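Biologist: I would like to learn how to read a model like this one. Could you take me through it, feature by feature?

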Amino acid sequence: MNLLSIVLFLPLIGFFVVLFTPRQSKAPFYTALLATVATFLLSLGLLAPATANGAQFSSVINALWTDVPGLQIHLHLGVDGISVWLVLLTTLLLPIGVWISDSMIRERHKTFFALLLLFEFGLLGVFTALDLFVFYVFWEIALVPMYIMVGSWGRGMRGPVAVKFFVYTMLGSVLMLGSILYLHSITGTFDYVDIMSGLNSGSFTLRPAQQMVLFLGFFAAFAVKVPIFPLHTWLPNTYTQAPAPATFLLAAVMSKMGVYGLLRFSLTLTAAGAHSAARWVSVLAIIGIIYGALLALVQTNIKRLIAYSSISHLGFIVLGIFSFRQQGADGAVYQMLAHGISTGALFVLAGYLEQRRGSLEISDFGGVANVAPGLSTAFMIALLASVGLPALCNFVGEFLLLQGAALAKFSWAAWAAIGVILSAAYMLWMYQRTFLGKLNTQIGEFADLRARDWAPLLPLIALMVWLGIYTQSFLPAISSATSHLLEQTNMNNQYQVLANPVRPEVADVR
Amino acid sequence: MSGNYLPQAIDYLRFLPEIVLSVFGIVIMLLEALMRASARRASLGGVALFGLAVAFLANLWAASNPGAAFSGMIVVDGYGTFFRGLVLVVGALCVLNSLSYLDREKSQTGEFYALLLFSVVGQCVLATAADLIMVFIGLEISSIASYILAGYLRDDRRNNESALKYFLLGSFATAFLLYGIAWIYGLTGSTNLAQIRTVLDQGASSTLVAGLAAALLFVGFAFKVSVVPFQIWAPDVYQGAASPVSAFLSAGPKAAAFAILFRVFMVSFRPLNARWIWLVWGCALLTMIVGNFAALLQTNVKRMLGYSSIAHAGYVLVALAASSQIGIAAAMFYLASYALMNIGAFAVISYIAARNERFVKIDDLAGLGRREPVTAALLAIFVFSLIGVPLTGGFFGKFYVFQAALNSHLVWLTVIGLINSAIAAYYYLKIIVAIYMKEPGESMEHLAPPALSLRIAIWASALGVLILGIFPGTLLSMATSSAALFR
């Protein structure tokens, strides 16, 4: 048995086991916790082979799924120096999601835990798929449980909000499906590795016009998921109405699906398309950075504020990816992890605040530090990590991203840097109104964090520091993968510019 | 054709499923006449199920001796066997659906099951017809039984309306079809599908007139499969008929009519492809758009599924527009998965509806997730399959249809179709919102667990949908290989 297949299918097995646990008991919780923790521990085993040579895919699964003439689909999965980190991020954050759900989800636990496990299965598939068809399948599998979680356990106008989330995402992803089908009609395969080697050997070429069409199809799906301005309108409502554990997972891991897709597929398969689109995509990313930050500044709801800050932060990642520079790509991967951890922590803490106060309006708080010093301190650390304080995780990511952007075009980095300044402003202002000053007299009982509340936070805080200081434990593997990826991007891009196969003898052999 | 018009034993073998079903239909009517008034009529449903099972085996037996029968009137090939099998499964699922429904409505009779079997006979004939005369006969057998089924609950106003609309528009369509057949006969001197092709291939006759004849036939079929602009009857009929009948009408007759539509156009009218492809292209586009956008506004589940069935007919037409072997295979797979998911959805709805179908609004499904979590989860599977979410049959069907379209360079049709399927998610999700995200209402108060027969039907459909979605290989290879032999 391949380790990756165990890591991938363990959550699915957990899903079925949870379905058969008794409803009125703790059994669903313990089953889900056991499954997710075991998945995490096992996934650590993927690290060594994947980082030994970050550019190669390791732990590869390649099994035939359907063998119909004209429709050969392989269940082809593997991890390299980029995806292994996202797999670990997912497997780490899922047990935390399960843990906080235990206290934050008040009814129908069983279904919720089952959906969490299905969601993990989908996400792991997205981050490891090496076949475009399989990628699409997992992409949608991850969507369905999240939709049900938002719609069933959310607050307020959860139904319409969840439907908007689903339909919006689906509109993007069907266009991606169109691109996948189009690519298949040109190349005759869905396999990413095969397509890449075909492109590299020149056995088929994609004309710039074709690449542009393909790029736009993929981009539609990824841009909605990231989200890139102006496709972000589903996000604030979804994040705000979703139950706390779902918001946590949406922001911390699900938002990485889009940027991962851009980096993995858009940049390599449609290199020329990505290059010619880079200008306007970067402009949209910068608009997103500043627009998200400005809107965050005027929010009165903590969750909504963090949601808009997420739009801003993800704009940086997109900007870095479309700089086509080593630093930008490294920074993108690094920031995916950093953002997952810091924003994840912020949403966990927001969940605690909501649990204690029943609301997340900033005006309902004030002076919380007086009664809950532990919660306030933890919030401060996560917040400082999020705004990019040196020695904490986001600093490294943002630094690399801005460096990459500056190398591509200095004015872009300059504009984007405004977002860094604004992020300090809105975050600290929110902190001041929520935690500092005199205690809001309407706050009655307000318990500080208990040990069980700290449990999910401590690993996150530790990682914030680790990622902020010991960059060497992460960067080499990331760099070797991203440099390989950029090499392919440049090569494919140059091929397209030359518009003929560089090694014709290979094409002849075929 | 040979001069010997006396049927051989092999002819009867190839026609065996139809014979079996007809015999069982008649036996059910006789048994009912002999039964005492107090006897339980539901046992006749069991007889019907048995008849369908025997016919299914007969179909497999017939398939092992492929070829033409009755001087080329019918032909048993992979394609015909596939659709015969499909309509037989549809029939069996609908019998299972009806058992508890008719008990609840206190209208349990043998007549219902006999009519259902006769309708399936007509569909089997359609699946294997190789001559326009057989097409007409099959369509009539199937339709006349369906008209009566649509109005089966005769004291119900909506049932009457449904049956009358279905009958009037259906006969109107048949007239078009017959007129088209007459033109074709005048033009080519034959009603045999293969011979028509041979004559058209020679190019002796005017392609304009042949094209008009093809258009007349298309209008006739378009009515039956509810293609825009001939769709107006569908929502009214599906809403008005009893739920198990609606399920049947949207799956069986539709699949059979599509089967013969593909056969006529891909065999006889293949030489005219350049003429009819744009007609089909336009109809496919309109059908998807009209079906989906009209469904967005519905509050009645049955009516919404009626419009959704129009939209799905549009997707199948996309496969016809592709006019390739892969298109045929895609349509076969699509119709099979559509039949399963739609019957499943209608089965759950007929379960919620209660006596006299009081609860058929989307809001009446509210809270099903709390009251009957298992049934709700199965309904969710059907709905996600109708949307086209991966790991369900609906997804693979759509995927394959659009792949066929793209391979035939129908780029715009593919793009618009894909966007349509995302828009469709909006109205299907209303069902999910109702069952999982709303509090139970009046409809949930007296909801008893589903009857065993209904549960079997729902589970069987759901398993079918999932198997087609996770392991599509078997059915797809079957469809692909029979499409490859399509002549």
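Modeller: What follows is a walk through confidence, helices, backbone oddities and the contact of the chains. This is a predicted model, in which local features need pLDDT of at least 70 and side-chain atom pairs count only at pLDDT 80 or more, while totals for chains, interfaces and linings use all residues. Residues are numbered from 1 along each chain as its sequence is written, and chains are lettered from A and ligands numbered from 1 in the order in which they are written.

Biologist: Let us begin with confidence. What is the mean pLDDT of chain A, and what does chain B average?

Modeller: pLDDT is the predictor's confidence in each residue, from 0 to 100. Chain A has a mean of 87, with 96% of its residues at 70 or more. For chain B the average is 89, and 98% of the residues score at least 70. The predictor also gives the complex an ipTM of 0.90 and a pTM of 0.91.

Biologist: Which elements of chain A have the lowest and the highest mean pLDDT?

Modeller: Where pLDDT is low, the predicted coordinates should not be read in detail. In chain A, helix α21 (residues 504-509) has the lowest mean among the elements, 40, and α5(A) the highest, 92. Helices here are DSSP runs of H or I with at least four residues, strands are runs of E with at least two, and both are numbered from the N terminus. Over residues 496-510 of chain A, pLDDT stays under 50, and the model has 18 contacts beyond four places in sequence for them. A contact means that the C-beta atoms of two residues, placed from the backbone, lie within 7 Å.

Biologist: How does the length of a helix compare with what is expected?

Modeller: The expected span is 1.5 Å times one less than the number of residues. Helix α2 (residues 27-44) of chain A has 18 residues and should span 26 Å; its end C-alpha atoms are 26 Å apart, which agrees. Helix α7 (residues 158-187) of chain A, with 30 residues, reaches 42 Å from first to last C-alpha, close to the 44 Å expected. After α7(A) comes A:Gly188, whose phi is positive, near 80°.

Biologist: Which residues are buried in α2(A)?

Modeller: A residue is buried if 20 or more other C-beta atoms lie within 10 Å of its own, exposed if 12 or fewer, and partly exposed in between, with C-beta atoms placed from the backbone. Among the buried residues of α2(A) are A:Phe29, A:Ala32, A:Thr36 and A:Phe40. The buried residues of this helix pack against α1, α4 (83-104) and α5 (109-128) of chain A. In α7(A), 25 of the 30 residues are buried, so this helix is largely enclosed by the rest of the structure.

Biologist: Is A:Phe16 buried or exposed?

Modeller: A:Phe16 counts as exposed, because 11 C-beta neighbours lie inside 10 Å. This residue belongs to helix α1 (residues 3-19) of chain A. Its C-alpha atom is separated by 7.5 Å from that of A:Ala114, 98 residues apart along the chain.

Biologist: Where should I look for unusual backbone geometry?

Modeller: Most residues other than glycine have a negative phi, and most peptide bonds are trans. A cis peptide bond joins A:Phe229 and A:Pro230, with omega about 0°, and A:Pro230 sits in the loop between α9 (208-225) and α10 (234-241) of chain A. Another cis bond links B:Val228 and B:Pro229, with omega about 5°. B:Ser323 has a positive phi near 35° and is buried, with 21 other C-beta atoms within 10 Å. B:His409 has a positive phi of about 65°, but counts as exposed; its place is the loop between α17 and α18 of chain B.

Biologist: How do I describe two packed helices?

Modeller: By the angle between their axes and the distance between the axes. Helix α17 (residues 393-407) and helix α19 (residues 452-470) of chain B pack at about 45°, with axes 6 Å apart. Axes are lines fitted to C-alpha atoms, for helices over the stretch in contact, and angles run from 0 to 180 degrees between N-to-C directions. The two helices are therefore oblique to each other (under 35 degrees is roughly parallel, over 145 roughly antiparallel, 65 to 115 roughly perpendicular and the rest oblique).

Biologist: How many residues does each chain give to the contact?

Modeller: Chain B gives 26 residues and chain A gives 29. On the side of chain B that touches chain A, α18(B) gives the most, with twelve residues.
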